[in-house]
Amino acid sequence: MTDTAAHATPPAPEYDPGAGYISSLPGEDALPGFPRRLCLLGGTGSIGKSALRVVEEHPERFAVAALAGAANLALLAEQAARFRPARLCVLDASGADALAGMLPAGYSPDIVHGPEGYASLASDADSDVVLSAIVGAAGLVPTLAAVRAGKIVALANKESLVLAGDLIRQACRESGAVILPVDSEHNALFQALGGPGLRELPHVATLVLTASGGPFRDKPAAFLQTVTREQALDHPNWSMGPKISVDSSTLMNKGLEVIEACRLFGLPPGRVEVVVHPQSIVHSLARYHDGSLLAHLGPPDMRLAIAYCLGYPRRTPLDLPPVDLVALGALTFEAPRHDDFPCLSLARHSLSLGAWGPVALNAANETAVELFLTGQVAFLDIPRLVEFALNAQAGVYADDLDAILEIDRTTRKRVRERAIGCAPRG
Ligand code: NAD
Ligand code: MG
C-alpha cells in the first residue's frame, strides 16, 4: 500500500491542462543555443557545486555569466576566480567589499548584494538559463524575478512553488518563462513522461514520488526522541545541504515535493502518491489508467537532473558510474510510516487549507529546522511546531507576494515564541 488510494476507480476528470507549468514546452528552435550562459543562484551550495562540476566537464556547452552565494565568501571567491562570471552577488554590502578584496588581480566583476542584487542577477539579459538553488523561502523573490524576465528556470528551490505556486504560474504565462524541474523526483517524471507524455497527463492516474525514507526509516519510534543533529544530517544516499537533509529525515521533504508536483504537473494531491524506496535508484514513476508504470532510474547524483535541465532538450554526457543492476540485486518499496513521521501528512493537510496553508507550513518548518540545528528544540518538536502553526493560523488571503511574505514573517515569529516552551536539547 502506498499513501493514497491510488488503485481505486480512476479520478474524476478534474485535470486542468493549463494548470501545470510544464504542460507546454517550447521546441528546441525556440530555446537558446549552445554554449548557454548560466546564472547560478546558490552557487556555493550543494546543488550549486554540482552544477559547476557539470560546467567544468562541458565548457563547450555552458559558461557561467553570473554567480551568487551568501555567507561562504571564500568559496565564492574561489569559484569566481575559476569560472570568471561577469557578475557576482552576496548577502550584504560588507560581504561585497570583502569579496572584492579576495579576487585575483585583473578580474573585476560587477558585485551586487541583497535581495535586489539576487533579483537583478536573475533577470539579467546576459544569461539564458537561471539555476534557482538558494535554500528556503529566500529563493522566492529571485525565482520570481527570473520568471518575470522570461528565463528558462532550472528550479531546485522547491520552496518557491510551495509558497507562491499561483503567482509563479501566472508570471510564466505572461512572460513565456519555462520552468524545468531539478528536484530529482520531478525531473524523473519530466524525463519519463517526455514532451508527448506531458500532453497526455490527463491519462496518468497518479504520479508516484519515491522517498529514500531518510536515515531513520527503520528506526523504532522511541529512537526518534533522542535524535541528534549529526544523526539527522547523515543521509544514507544523497549528499545535500543541511536544511534539506533534515527535511529528508522528517519526511517533510517529501511533503514539500507532493505540493511541488501538484503545482508543476497540474494534478490534485489525491493523484500524487508517495512510496518509500530505500535504494534511491527509481527516482519516480507515472501510473497510467491501463496499469502501465513509466519510471526513471539512475544513480543518486544530482548532476544528472541538473545537466538535463541546463542542456534541455539535449542530454549532456556525464562521468557518473553506471548503475550496476546485478550488484544491486533488488529494488524494494514500502509504505511511509505516517504516524512516526507526521510531516508528510501535515503537508497534504496544508494543501487543503487554501493558499496560506503551504506558506505557513514552510515557514514553520524552516524555523523549526533551524531551531533543531542550533540545539534549541528536539527532533520531534519539528512536526509539533508545524502542526501548531497550521492550527494557529487563521485562513487569510495569500494570493500576492506581500501577503505571502507577511504570512511567512508572522508564522516564523509565532513558531519562535512557541519554541521557548519546548525542552532544549541537552
Ligand atoms: P545548501 O544549503 O547546500 O546551499 C544553499 C545555497 O543558498 C548556498 O549557496 C547559500 O549561500 C545560499 N543561500 C542561503 N541563504 C541565502 C539567502 N538568504 N540569500 C541568498 N542565498 C542564500 O542547499 P542545497 O542542498 O544546495 O539546496 C538548495 C535548494 O535545492 C533547496 O531549495 C533544496 O530543497 C533544493 N534541492 C536540493 C537537493 C540536493 O541534493 N541538495 C535536491 C533537490 C532539491
Ligand atoms: Mg527530491
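**Ligand 1 and the magnesium site in a predicted model**

A backbone N or O atom of Ala 156 lies 3.5 Å from an oxygen atom of ligand 1, and this contact is a starting point for reading what is a predicted model. Two further backbone contacts to the ligand can be added: a backbone N or O atom of Ile 47 lies 2.9 Å from an oxygen atom of ligand 1, and a backbone N or O atom of Gly 241 likewise lies 2.9 Å from an oxygen atom of the ligand. Considered alone, ligand 1 would expose 830 Å², and the protein buries 86% of that area. The elements that contribute two or more residues to the shell around the ligand are helix 1 (46-57), helix 6 (158-175) and helix 9 (242-250).

The shell as a whole consists of 24 residues, of which Thr 44, Ser 46, Ile 47, Glu 159 and Gly 241 are the closest to ligand 1. Sorted by class, 13 of the shell residues are nonpolar, eight are polar and three are charged.

Thr 44 deserves a separate look, for it is placed in the loop between strand 1 (36-41) and helix 1. Because its relative accessibility is 16%, and the limit for a buried residue is under 20%, Thr 44 counts as buried. Leaving aside residues up to four places away in sequence, Thr 44 touches Lys 49, Ala 68, Gly 69, Ala 70, Asn 72, Leu 75, Leu 76 and Gln 79.

One of these partners, Asn 72, leads into the loop between strand 2 (62-68) and helix 2 (73-83). With a relative accessible area of 40%, Asn 72 is partly exposed, and its side chain reaches the backbone nitrogen of Leu 75 at 3.2 Å. As for the span of the model, the C-alpha atom of Asn 72 is separated by 37 Å from that of Ala 222, a residue 150 positions apart from Asn 72 along the chain.

The other ligand to consider is the magnesium ion (ligand 2), which is coordinated by Asp 183 (OD), Glu 185 (OE) and Glu 257 (OE) at 2.1 to 2.3 Å. Along the chain, the donors of this ion follow the spacing D-x1-E-x71-E. The pair Glu 185 and Glu 257 links distant parts of the chain, since Glu 185 belongs to helix 7 (residues 184-199) and Glu 257 to helix 10 (residues 252-265), with their positions 72 residues apart. Both Glu 185 and Glu 257 are buried.

Conventions: Residues are numbered from 1 along each chain as its sequence is written. Chains are lettered from A and ligands numbered from 1 in the order in which they are written. This is a predicted model: local features need pLDDT of at least 70, side-chain atom pairs count only at pLDDT 80 or more; totals for chains, interfaces and linings use all residues. Side-chain values use heavy atoms; hydrogens and water are left out. A residue is near a molecule or strand if one of its heavy atoms lies within 4 Å of it. A polar contact is a pair of N or O atoms within 3.5 Å; within protein, one must be able to donate a hydrogen and the other to accept it, and residues adjacent in sequence count only if both atoms are side-chain atoms. Accessible areas come from the Shrake-Rupley method with a 1.4 Å probe; for residues, only the protein chains shown count as cover. Helices (H or I, at least four residues) and strands (E, at least two) are DSSP runs, numbered from the N terminus. Ala, Val, Leu, Ile, Met, Phe, Trp, Tyr, Cys and Pro count as nonpolar, Asp, Glu, Lys and Arg as charged, and the others, Gly among them, as polar. Buried means under 20% relative accessible area, exposed over 50%, partly exposed in between (1.4 Å probe, protein chains only). Contact means heavy atoms within 4.5 Å. Donors are N, O and S atoms within 2.8 Å of the metal (3.2 Å for Na, K and Ca); water is not among the atoms, so sites may look incomplete.
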